[in-house]
Amino acid sequence: MPEALIDLRSDTVTRPTPAMLEAMFRAPVGDDVYEEDPTVRALEQEAAARFGLEAGLFCPSGTMTNQIAIKAHTEPLSEVVCEQTSHIYLWEVGGIAFHSGASVALLAGERGRLTAAQVEAAIRPVNVHYPTTSLISLENTHNRGGGSCYELAEIEAIAEVARRQGIPLHLDGARIFNALVATGQPATEYGRLFDTISVCLSKGLGAPVGSVLLGSRAFIQKTKRIRKVMGGGMRQAGYLAAAGLYALEHNVERLADDHRRARQLAATLAAQPYVDFVLPADTNLVIFRLRDEMPSERFLAHLESQDIKASAFGPQMIRFVTHLDVDDVMIGRIEAALAAVRS
């Protein structure tokens, strides 16, 4: 029997487990546009409660939850402060301009993490020539930073700036549970510090689709109209929401296994003569640079020949992502394939 394909391109490639599928089949459903789907309501309430926030909005994707939040927080001629490699800026198709007509103030962080001093310096003074700073957005963990995590004190300092300046604070928490498991930080602290949080269910938690936007009841009520105009109103969405509920109940603590495996791969890569450097593997992302004498195309083709998929992440940069469909036996196969690379 051929060995199973190992897909390290992203933690979005996971498939529902039999137990998750069973939960989906058993889900009671209704028409969610009429707000009559009990499983969607249960997911929204559970996600919000975990972070100590009042309400949630179930959406098809993290891009949608982020863009809905930005649209609701901003208006044309305003500006969003974020790190220059943020997902909301780099990977969401220019959605801030398209949906919200807002400008973006891009800051150079340390592996994607900003400081309170940077954020405060980026806030615009009142001037007819400037857009109005209307939102500060952080990303945790930070994708381009190799799954880097904020210290809670760093977020607290930024939140203090935001409150003092009267500017809402949004979290792109696509992999927020990875950050919580890695740092031991309580989720309720995030609900205290952020006005809105986007939580993705289809990455490390293993649901097939879906994200939840969290915030106050009044804010979430406002965002329902924005979701509708973006085409995000779903009907019997409880079948999908049931997967998210299962993921929250069963797949959070096991993220520690993904982190352990990522650290193991990072250590193996650091020992290879064709690897220039490896970013610290704080969570489940392993980003590394190949030496120039090892073209990334050749490296990826070698992995492909061993039934291993990975992604290029910039010139000579590669990203590995561990997830619930990658087990310890597969890590051994990956390490053997890395040792067999010939420059």
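This report describes the sheet, two packing helices and one buried residue of a predicted model.

## Basis of the model

The structure is a predicted model in which local features need pLDDT of at least 70 and side-chain atom pairs count only at pLDDT 80 or more, while totals for chains, interfaces and linings use all residues. Residues are numbered from 1 along each chain as its sequence is written, and side-chain values use heavy atoms, with hydrogens and water left out.

## The sheet

An open sheet of mixed pairing is formed by 7 strands in the order 2-8-7-6-5-3-4. Its edges are strand 2 (55-59) and strand 4 (103-107), each of which pairs on one side only. From one strand to the next, the twist averages 20 degrees. Strands are DSSP runs of E with at least two residues, helices are runs of H or I with at least four, and both are numbered from the N terminus. Two strands pair if DSSP finds at least two bridges between them.

Strand 2 runs antiparallel to strand 8 (residues 211-215), with 5 bridges between them. C59 has S211 in strand 8 as its bridge partner.

## Helices on the sheet

Helix 2 (residues 38-50) packs on the sheet in contact (heavy atoms within 4.5 Å) with strand 2 and strand 8, and its direction makes about 125 degrees with that of strand 2. Helix 7 (residues 152-165) also packs on the sheet, where it touches strand 5 (132-139) and strand 6 (169-173); the direction of helix 7 makes about 140 degrees with that of strand 6. Axes are lines fitted to C-alpha atoms, for helices over the stretch in contact, and angles run from 0 to 180 degrees between N-to-C directions.

## Residue N178

N178 lies in helix 8 (residues 176-183). With a relative accessible area of 2%, N178 is buried, a term for values under 20% (1.4 Å probe, protein chains only). Leaving aside residues up to four places away in sequence, N178 touches T141, L255, H259, T283 and N284.

How values were computed: Buried means under 20% relative accessible area, exposed over 50%, partly exposed in between (1.4 Å probe, protein chains only).
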